[in-house]
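Take a walk through this model with the coordinates open beside you. Start with the ring pairs, then move to the ligand and the overall build.

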Amino acid sequence: MAKEKSVFFCQECGYESAKWLGKCPGCGQWNTFVEETISKQKNEAVRLLPSSEPIGIREIVYDDLLRIDTGIQELNRVLGGGMVSGALMLLAGDPGIGKSTLTMQVAGRIKLDTPILYVSGEESRQQLKMRAQRLGVENERLFILTENNLSTIEKQVKKFQPKFVILDSIQTVYLPEISSAPGSVSQLRECTGRVLQWAKGLDISIILVGHVTKDGSVAGPRVLEHMVDAVLFFEGERHNHFRILRTLKNRFGSTNEIGVFEMQERGLREVHNPSEIFLSERPQGAVGSVVVPCMEGSRPVLVELQALVASSPYGQPRRMTNGVDFNRTAMLLAVLEKKMRLPLGNQDIYLNVVGGLKVDEPAIDLGVIVALVSSMQNRPILDDVIVLGEVGLTGEVRTISFLEKRLIEAEKMGFHLAIVPKGNLKREQQYPLEVRGVGSVAEALKAILGGA
Ligand code: TYD
Ligand code: MG
């Protein structure tokens with residue numbers, strides 16, 4: 001007989017404790033511990049990797065990983081060039097963001113000639129059929145299983161031998177031998193462990209769908225993130241139809257690629273040229289708006305930065321940023337106050353990156369400064385100018401990376417002039433558009449606003 005033991009788990013981070021605790025020492029959250037019983041049954045030894053003998057690195061033969069085309073280019077890129085066979089991936093996101101839609105579209109388009117199994121623990125066959133119809137999914141190799149018991153699912157997987165499985169969602173399945181409720185830490189851990197065995201043992205690519213908690217982490221424990229090969233986050237704002245797919249972890253590729261989608265009537269449309277959408281509603285000749293080419297992974301994306309500086313009616317001026325780092329902005333404001341002698345202390349300041357994108361690279365510093373000054377002094381910035389540069393504490397403009405790539409993208413989108421760090425410019429180099437090098441914030445403002 002298997003022995004049963006009772007332990008307490010933090011439902012936020014998976015911290016394990018023998019007794020109940022009010023505050024979790026792992027993540028600092030209050031009142032998150034729940035008692036769960038785990039059976040002390042010895043885990044059957046799972047052998048994921050074949051050899052246990054050391055081998056010289058030069059003797060290992062490397063053949064390229066087998067990549068499967070998912071039929072969705074944006075997803076292929078985020079995964080590092082397609083889905084690796086036998087990979088276990090976690091697709092996480094807020095409820096209603098479009099996880100089931102994305103996975104159903106993948107199931108419909110993936111280039112595989114073996115059966116595909118879509119397991120849903122959340123929706124009925126009718127609901128799934130309705131979505132499939134709406135998305136135009138008619139893949140004859142796609143099979144649907146509505147089931148919550150993971151042991152039953154396992155039997156079907158072994159019988160059916162699919163090469164691609166979607167499990168929607170990991171929080172709704174359970175193993176009967178564990179007495180805790182579906183979605184609890186021990187269920188999540190054991191279920192993911194089991195699914196990992198299918199992936200590695202039977203060479204099946206698996207996408208697990210996972211919900212996230214209020215604070216944006218994958219619901220349940222972090223352990224889930226450690227077990228899978230890749231963690232993809234699907235995000236966006238509810239009232240805006242753009243969706244961004246990011247990688248938080250990827251054992252088979254880079255983690256800073258993004259995929260951009262637009263949610264439409266008939267599912268998700270891939271957006272191959274994100275600059276276009278992020279600039280689509282840009283006002284002409286507006287005050288406080290500037291375009292900056294940002295790097296999202298290996299891809300340059302033009303984004304519009306907007307600043308609003310207005311005198312503050314109350315003693316305590318407001319500072320709000322959306323999409324850019326708050327502290328970095330505070331630093332840039334201090335540079336403007338001290339170096340450019342701009343009285344910002346009694347002004348409300350709002351900064352926004354249009355389209356809900358988050359930019360965290362210093363190359364946007366100069367753009368932030370230019371937008372702020374433009375708004376404060378009510379002087380519009382020319383429509384066809386982009387601004388690039390990191391700003392230091394003495395007001396100097398420092399060099400940035402990937403200048404060429406950013407300029408090419410800007411030129412493609414119809415921009416004619418780029419204000420860039422002086423240090424980036426090389427003599428005798430041809431640039432795709434007119435470039436003006438600046439060494440300081442003062443020079444930049446002069447170049448773009450005609451003297452500050
Ligand atoms: P869904 O994929 O069910 O979200 P999740 O699985 O992440 O909870 O999709 C949720 C929203 O997407 C839903 O509000 C309806 C919308 N939607 C469309 O706008 N167009 C479509 O073609 C589909 C299938 C859904
Ligand atoms: Mg869903």
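This is a predicted model, and its aromatic pairs number three. A pair of aromatic rings is described by the distance of the centres and the angle of the planes. Take Phe 143 and Phe 160. Their ring centres sit 4.8 Å apart, and the planes meet at 75°. Planes over 60 degrees apart count as edge-to-face, so this pair is edge-to-face. Phe 143 belongs to strand S8 (residues 142-146), while Phe 160 belongs to helix H4 (residues 150-160). The pair therefore ties together parts that are 17 residues apart in sequence.

How much cover do these two rings' residues have? The cut-offs matter here: buried means under 20% relative accessible area, and exposed means over 50%. Phe 143 has 37% relative accessibility, so it counts as partly exposed. Phe 160 has 28%, so it is partly exposed too.

Now turn to Phe 234 and Phe 261. This pair is also edge-to-face, with 5.9 Å from centre to centre and 80° between the planes. Phe 234 lies in strand S11 (residues 230-235) and Phe 261 in strand S13, so the pair ties together parts that are 27 residues apart in sequence. Both Phe 234 and Phe 261 are buried.

Strand S13 leads on to the ligand. S13 (258-264), H2 and helix H3 (125-135) each supply at least two residues of the shell around ligand 1. That shell holds 16 residues. Which of them come nearest to ligand 1? They are Gly 96, Ser 100, Thr 101, Gln 264 and Gly 267. By character, the shell divides into six charged, six polar and four nonpolar residues.

Several side chains place polar atoms by the ligand. In the side chain of Thr 101, an N or O atom is 2.5 Å from an oxygen atom of ligand 1. For the side chain of Arg 131, the distance from an N or O atom to a ligand oxygen is 2.9 Å. Arg 134 has a polar side-chain atom 3.2 Å from a nitrogen atom of ligand 1. Taken alone, the ligand exposes 560 Å², and the protein buries 74% of that.

Look again at helix H2 (residues 99-109). Nine of its 11 residues are buried, so the helix is largely enclosed by the rest of the structure. The buried set runs through Lys 99, Ser 100, Thr 101, Leu 102, Thr 103, Met 104, Gln 105, Val 106 and Ala 107. Ser 100 and Thr 101 are thus listed as buried in H2, and they also appear among the residues nearest the ligand.

Leu 308 takes us to another part of the chain. Leu 308 is found in strand S16 (residues 299-311). Its relative accessibility is 47%, so it counts as partly exposed. Beyond its neighbours up to four places away in sequence, Leu 308 touches Asp 348, Ile 349, Tyr 350 and Ser 375. Leu 417 lies 109 residues from Leu 308 along the chain, with 24 Å between their C-alpha atoms.

Finally, step back to the whole protein. It has 11 helices and 23 strands. Of its 452 residues, 48% count as buried. The C-alpha atoms fill a box of roughly 80 × 55 × 50 Å along the principal axes. Among contacts with a separation of 6 or more, 67% join residues 24 or more positions apart. The protein exposes about 22500 Å², and carbon and sulfur atoms supply 50% of it.

Terms used: Residues are numbered from 1 along each chain as its sequence is written. Chains are lettered from A and ligands numbered from 1 in the order in which they are written. This is a predicted model: local features need pLDDT of at least 70, side-chain atom pairs count only at pLDDT 80 or more; totals for chains, interfaces and linings use all residues. Side-chain values use heavy atoms; hydrogens and water are left out. Buried means under 20% relative accessible area, exposed over 50%, partly exposed in between (1.4 Å probe, protein chains only). Helices (H or I, at least four residues) and strands (E, at least two) are DSSP runs, numbered from the N terminus. A residue is near a molecule or strand if one of its heavy atoms lies within 4 Å of it. A polar contact is a pair of N or O atoms within 3.5 Å; within protein, one must be able to donate a hydrogen and the other to accept it, and residues adjacent in sequence count only if both atoms are side-chain atoms. Accessible areas come from the Shrake-Rupley method with a 1.4 Å probe; for residues, only the protein chains shown count as cover. Ala, Val, Leu, Ile, Met, Phe, Trp, Tyr, Cys and Pro count as nonpolar, Asp, Glu, Lys and Arg as charged, and the others, Gly among them, as polar. Rings of Phe, Tyr and Trp (its six-membered ring) pair if their centres lie within 6.5 Å; planes under 30 degrees apart count as stacked, over 60 as edge-to-face and the rest as tilted. Contact means heavy atoms within 4.5 Å.
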